[in-house]
Amino acid sequence: MKKIDNATVQRILDAADIVEVVSDFVSLKRRGANYVGLCPFHNDRSPSFYVSKAKGVCKCFSCGEGGSAVNFIMKLEQLSFTEALRYLAKKYNIEVEEREMTDEEQRAETDRENMMALNDFAMRHFEKNLLSTPDGRDIGLSYFRYRGISDQMIERFHLGYALDGQEVLYKDAIQRGYSEKYLFATGLCSRTENGRVYDRFRGRVIYPVLSLSGKVVAFGGRTLKKDKSAAKYVNSPESDIYQKRRELYGLYQAKQAISKADKCILVEGYMDVISMHQAGVCNVVASSGTALTVEQVRLIKRFTSNVTLIYDSDAAGIKASLRGIELLLQDGMDIKVLLLPEGEDPDSFAQGHSSSEVEEYLRSNEVDFISFMAKILMGEASSDPAKRARVITQVVKTIALIPNEITRNVYVQECSRILFIDEPVLQREVGKYFNEYALKSREDKMRQQPLTVDAPMEQGGGDVSPREEEAPKVQESDMRAVSLRQSEMAVAKLVAKYGNYAFAEGVDEDGNTVPVTVIEYIENDLASDGIQFANQDIAHFFEAAVRLSRATWDEDYRRQCELLQQKRGEEFSAGVAAIREKATDIGSISAMERSLQETVDKNYAKALEDFSVGYLSKLMCSSADDVVRSMATDLVIERHILSKVHTKYAHIDTEQDLLGELVPRALNELKDAILNVRLKEVRARLSACASNYDEAIRLMREIKEIETTRSQLAKLIGDRVIAPRK
């Protein structure tokens, strides 16, 4: 079994022209060195989607989506990383070469493929039962007809029926050559204690669960019997191909509609989704009766940040779902709630109304979640002061989960009006809980990296996501990562833009002069002082950068040298031929050939330098890792670039020209920021121990040492520290 090899991946990345790829979907206009157009990922009214041909990345400065050509195709066409590579390979007529997988990789891939293939067979088996067997038509198909489901929806959602026999699926699968091992691994079949095999889904209508890419990963089966001892629903167990927390029913069928509408409607069950789709509302998915998980929230956020939750009039069900709502709020989602009329659920409401009526009801009746929750809960507690206080506290705690400060303030104002509580009181309570949440989150992550007491230059700890920069001041320990974020991002930006570029020279163990890349210099400098990034997302980004900068660099650099040398030879030969056709004497030929050689060599060196500069950024902006790709794109692409008018008549040093100064300065500024945080901590400790003379003396000495070190760093920050490579 094979995978696309690294050389092919690099050829695809090299060939993929970001402007050409994006232009297949977006009308672009040139603006300086960049191209701009309307963003395809949200309803863009004015051009905010920038494409940098030189850097090979795109970025929307409104919704934040972007990345390399690979990631653009992944997002727009909902393809996997490998599928996007194959798409681009086909576009640029690149033959996809594959490498042999390791035995372990091959075993895992074989198991997954066999399980997927078996599930696909089972889905077709159930579909055939529904339409081509007497029991299927009389029981299963009659049930779907009774529920008002059309043939189109039956086909779209691959609905089926499992015959009420002990081993019907088992025998059919074995007869077709499928392994018993995978029948048990997928949960399609099981064994009794005495070893007898039986089908899990017997006498049930079947709802296949499809992954985002359309693969069958699981099944849900509903019994049609009135036997109360039998479970109403039976679902596939978790397996190597199915983790319930990572799947949403109907997402495969709904993903394009969600992107187009920029909204995801969340319901509870299979029939809710199917009936809503049948009514023409196709941006609908279901959590299948389970509470929302972090993975499901992130799955939705790949397509939109707007979620509408549809509830029936059962207040108990609404309160039971609050945990999932909290996850949505914490991830910065914009949540609306729709309460259906008394006695209705999404299935019955969609079945009883026309498509236009359903859409109009959605538009007219959805409200923001916080206001809705306050009204629902307060309705039960209006006459009981103790219950009323508990409801207000619950609402306040929920508002405190929202990461955006402006959004929190808007909800506080609205709840002040609804709950008849003074706004300043609510603001104080929201701020208290917000700080508690932020502090607890950071302390949980910082516990693994406690700061030492003695070392003035110590390691940071904790995690701050980009949205947490808005947090108000809480405690010093809580602010450490926030205080260091700007300095850490400055270092990360240099890594993202210039990682594998050799900007300086060093000496190896044998005394030989060797080139030093930006990422090598930064990695060694941080390690020598025992510094780790305090923000977890930046730490993750840097670790990925180090790994990518080494994984295939030697091989790719060697291959690039060979290609450029071949091109240099061809360019020189063509130039010599042209010179000899035009030149009139030997002296002119020699002079022109020397000039040609200098030009060709200069072009070769520039092309190799450009390859080194862009190598790591191209890999990181094409990463399948959302954190790495998003951060790399943000750091690499710039909305405004210096016009050529400014450099036409005079040389202006670029950022790349100044790396010999900028890299050490960024590192020294980070160290100074760490020392500044440390200084504040020690001064706070000094204020708290005035009665302990010995401890106070020790802390004052430590303050003096930190100030001395900061003074030394201040001199370095203003000077050029190392000489760039010639």
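Which asparagine takes a positive phi just after α4? Keep that question in mind as you read these points on the model, which is a predicted one.

1. Start with helix α4, which spans residues 81-91. Four of its residues, Ala84, Leu85, Leu88 and Ala89, are buried. They sit on the same side of α4, because the arc they cover around the axis is only 140°. It helps to recall a general rule: an α-helix has 3.6 residues a turn, so residues three or four places apart point the same way.

2. Now for the opening question. The residue is asparagine 93, with a phi of about 55°.

3. Next, look at a pair of helices further along: α24, residues 553-582, and α25, residues 586-621. Their axes come within 9 Å and cross at roughly 155°. An angle over 145 degrees counts as roughly antiparallel, and α24 and α25 are therefore described that way. The crossing of α24 past α25 is right-handed. Where these two helices touch, the contact is made up of 16 nonpolar, six polar and six charged residues.

4. Finally, turn to the nonpolar cores. The largest contains 60 residues. If you want to find it on screen, look for Phe144, Leu159, Leu188, Tyr207, Phe219, Tyr249 and Ile274, the residues with the most contacts inside this core. Helix α5, residues 103-132, gives the most to it, namely eight residues.

5. There is also a second core, separate from that one, with 48 residues. Among them are Tyr501, Val546, Met620 and Leu635.

Key
Residues numbered from 1 in each chain as written. Predicted model: local features only at pLDDT ≥ 70, side-chain atom pairs only at ≥ 80, totals over all residues. Heavy atoms only, no water. Buried < 20%, exposed > 50% of the residue type's maximum accessible area, 1.4 Å probe, protein only. Helix = DSSP H or I, 4+ residues; strand = E, 2+ residues; numbered from the N terminus. Arc of directions from axis to C-beta. Axes fitted to C-alpha atoms, helices over the stretch in contact; angles between N-to-C directions. Parallel < 35°, antiparallel > 145°, perpendicular 65-115°, else oblique. Left-handed = near helix turned anticlockwise from the far one by under 90°. Nonpolar A, V, L, I, M, F, W, Y, C, P; charged D, E, K, R; others polar. Core = buried A, V, L, I, M, F, W, Y, C linked by side-chain atoms within 4.5 Å.
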